[in-house]
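Please work through the exercises below with the sequence and the coordinates open beside you. Each task is followed by a solution that goes step by step.

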Amino acid sequence: MEKNYRFIAISSLAISLIGIFCCSYMFYGTWKGSSEFNTIPTILQFLFFFTPLNLNFTNNFDHLEIWNFVFYVLLFIGGLQFIKTKGRETRLIGFVFSVIFLESIIILVQSLFYKVFIIKWAELSSLQIFYSTFGTVTLVMFFYISVRILKIIKSQKEVDIVQTESKVTVTDTPKWQRFFHWMIDLTVMSLIFTPLILALAYSLMKSDFLMKNEALAMFLESRWALYFLVIFFIFIYYPLSEILFGSTPAKFLTESRVVNSKAESPDSSTIFVRTLCRNIPFDALSFLGKRGWHDSLSETYVVKEKRTGFKTNRLLWILPMLLIYLLGMYFGKRYYTEYKANVEYKKANSEQVSFLKSEIKNPNTSQFFVLDDYNYYGDKILNLGFKIEKIEGNNITIKRIWGRPYAEVDFSYVKDLYEQQKDTAKTFIIRKDLLVKMFPENETELFDDTKRMDYFESGIEYSIKNVYDFNGPFLKAQVSKDDNDYTNKKVTILITNLGGSATVTDIKNQNNEMKWKTSFPLKLNKLNSPTVIQIENYDFTKNNVSKIEVLDSLNKKHSFIIKTEGLTNQISEVK
């Protein structure tokens, strides 16, 4: 027994800890988001081979490891209880390993189907073939471990028999526990088989197998396919568990087993009759009567084993904790994402308010003011603005520039409009002291447009939404690659300056080890001649962030953040 004790304890803790670690890593990636978490390092890919569970109700990536984590935690708790009670408490271990046993069989069948009908071996690399073979080996290993552990557990259990002078009585499993069996087994069955159905459906859709088998394709699209799959899964789930161990996963939790009228393990044919009867409509509710139909028709009974650990109802403490966990995992990411977006939104708004305060309080002749205008009814009608041409004392001369309705306003759009209209634009004079009072004090004033002014003597008031500095630099970037070899990690980045003179003084990586093959200071060319920079050690799989420090013609410092992912990029000035 000492050898078996160590085997169960080590197996339980090792598998559970590896599973908890891998699930936690996937949680980290899911909550970070796909733009910041794209690939699994090679060493962890190898570690994932030692996680035998693939349980889920959906194919949603955000929910990928939620249920696996539950079972690994239960296995870890069960392992600790097993050690604490010196091998007497085995319910959680038996429950999880019975799920691992069924999962191993299902994935082995799925793997065999893939290898025969789906995979094109000639197109696989040697590494992919190794991974496929190694994955099969680990599945066989988990199948062996689970069978051995479950056999050991059952060999130590005895049916709870009460013997008196007049008769021998076997303790039946209570009805509430039978209902518990039905709920848990149905949940486990769904968790095991849903990923299989989704994976097979996806693989078949992308293969030529169904195109060559029109009759099979039509069958799989019909409701009969669903009925067939449900019956097929039932005839895998229950007979395998009850023939080999006398218990399904749920029965391991309540220390129950299936016996015949002699309180012995039923033979295979009896178990198959019992399973067949489960497909009778409303059979699941029949045990609320005197005996369930699949019990009475197959002459089988579900009885209690002698308790070797704590009472079964003490396991109910898991349910509220499980409910809290599931609510947090299924809905937590959405609220977390909304919270992060709200924080970023408020931060951006605060920065915009600070920027506008600074720009409006210090007007100069390089500024272009973007306005929102309103008619007498308070309705927004056009995008337009004005360029400051001259400042004389308290008088500011401006030129009114018209914009297209609903056009997206950015630096290049505004500058193009000004170049087109500057010679014909109408001139107005506004007071400097009135203009500097137009900066928003807070986000409310910025978005509710409480600070308005009639700049063009039209009887219509306008609010300031943005300010562009025509003498300041404005950068655009494009990432390109000369070849299709993404292993060499070399790209070219073309940086175009749409604004005033700019000299790059430094480029600092924020979260990567990219090598910018250039020297500083670097004068940026004009629009018709982008500046070309070679980059080495570029990671195509992650979001790379770098900070570009720039001086304008007046030696004023500007900072730009460039974010690249693959061959896409986003560049913005830090206000």
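The exercises that follow concern a predicted model, and they go from the whole protein to single residues.

**Exercise 1. Overall form**

Task: Establish how many helices and strands the protein has, and decide whether it is a compact globule or more spread out.

Solution. Begin with the secondary structure, which amounts to 16 helices and 18 strands. Next, compare the radius of gyration with the globule rule: the value for the protein is 35 Å, whereas the rule gives 25 Å for 575 residues, so the protein is more spread out than a compact globule. Then turn to the box that the C-alpha atoms fill, which is roughly 115 × 55 × 55 Å along the principal axes. Finally, look at the contacts: among those between residues at least 6 apart in sequence, 67% join residues at least 24 apart.

**Exercise 2. Surface and charge**

Task: Describe what share of the residues is buried, what the exposed area consists of, and how the charged side chains are placed.

Solution. Of the 575 residues, 45% count as buried. The protein exposes about 31200 Å², and carbon and sulfur atoms supply 59% of that area. For the charges, count 68 positive and 58 negative side chains, and then take the centre of each set; the two centres lie 6 Å apart.

**Exercise 3. Cysteines**

Task: Find how many disulfides the model contains, and explain why Cys 23 is not bonded to the closest cysteine.

Solution. Recall that a disulfide is a covalent bond between the sulfur atoms of two cysteines. The rule applied here requires the two sulfur atoms to be within 2.5 Å. For Cys 23, the closest cysteine sulfur belongs to Cys 22 and is 7.1 Å away, which is too far for a bond. By this rule, the count for the protein is zero disulfides. As a further step, consider accessibility: Cys 23 is buried at 1% relative accessibility, and Cys 277 is buried as well, with a relative accessible area of 9%.

**Exercise 4. The surroundings of Leu 55**

Task: Locate Leu 55, decide whether Leu 55 is buried or exposed, and identify which residues Leu 55 touches.

Solution. Leu 55 is in the loop between helix H2 (42-48) and helix H3 (66-84). The relative accessible area of Leu 55 is 1%, and since buried means under 20%, this loop residue counts as buried. Leaving out residues up to four places away in sequence, the residues that Leu 55 touches include Leu 64, Trp 67, Phe 71, Val 99 and Pro 195. Ile 192 is also one of these contacts; Leu 55 and Ile 192 are 137 residues apart along the chain, yet their C-alpha atoms are separated by 5.3 Å.

**Exercise 5. Two partly exposed helix residues**

Task: For Phe 143 and Ser 190, state which helix holds each residue and what each touches.

Solution. Start with Phe 143, which belongs to helix H5 (residues 126-155) and is partly exposed at 32% relative accessibility. Apart from neighbours within four places in sequence, Phe 143 is in contact with Phe 101, Ser 104 and Ile 105. Continue with Ser 190, which is part of helix H6 (residues 175-205) and is partly exposed at 27% relative accessibility. With residues up to four places away set aside, Ser 190 touches Asn 56, Phe 57 and Pro 195. As a check on distance, the C-alpha atoms of Ser 190 and Ile 429 are 74 Å apart, with these positions 239 residues apart in sequence numbering.

**Exercise 6. Backbone exceptions**

Task: Determine where Lys 86, Asn 537 and Pro 521 lie, and describe the backbone feature of each.

Solution. The background is that most residues other than glycine have a negative phi, and most peptide bonds are trans. Lys 86, however, has a positive phi near 60°; this residue is in the loop between H3 and helix H4 (91-118) and is exposed, with a relative accessible area of 67%. Asn 537 likewise has a positive phi, of about 60°, and lies in the loop between strand S15 (531-536) and strand S16 (544-552), where Asn 537 is partly exposed at 35%. The last case concerns the peptide bond that joins Phe 520 and Pro 521, which is cis, with omega about 0°. Pro 521 is found in the loop between strand S13 (515-517) and strand S14 (522-523).

Methods
Residues numbered from 1 in each chain as written. Predicted model: local features only at pLDDT ≥ 70, side-chain atom pairs only at ≥ 80, totals over all residues. Heavy atoms only, no water. Helix = DSSP H or I, 4+ residues; strand = E, 2+ residues; numbered from the N terminus. Rg over C-alpha atoms; globule rule 2.2 N^0.38 Å. Buried < 20%, exposed > 50% of the residue type's maximum accessible area, 1.4 Å probe, protein only. Contact = heavy atoms within 4.5 Å. Areas by Shrake-Rupley, 256 points an atom, 1.4 Å probe, with all protein chains shown as cover. Lys, Arg positive; Asp, Glu negative; His and termini not counted. Charge placed at Lys NZ, Arg CZ, Asp CG, Glu CD.
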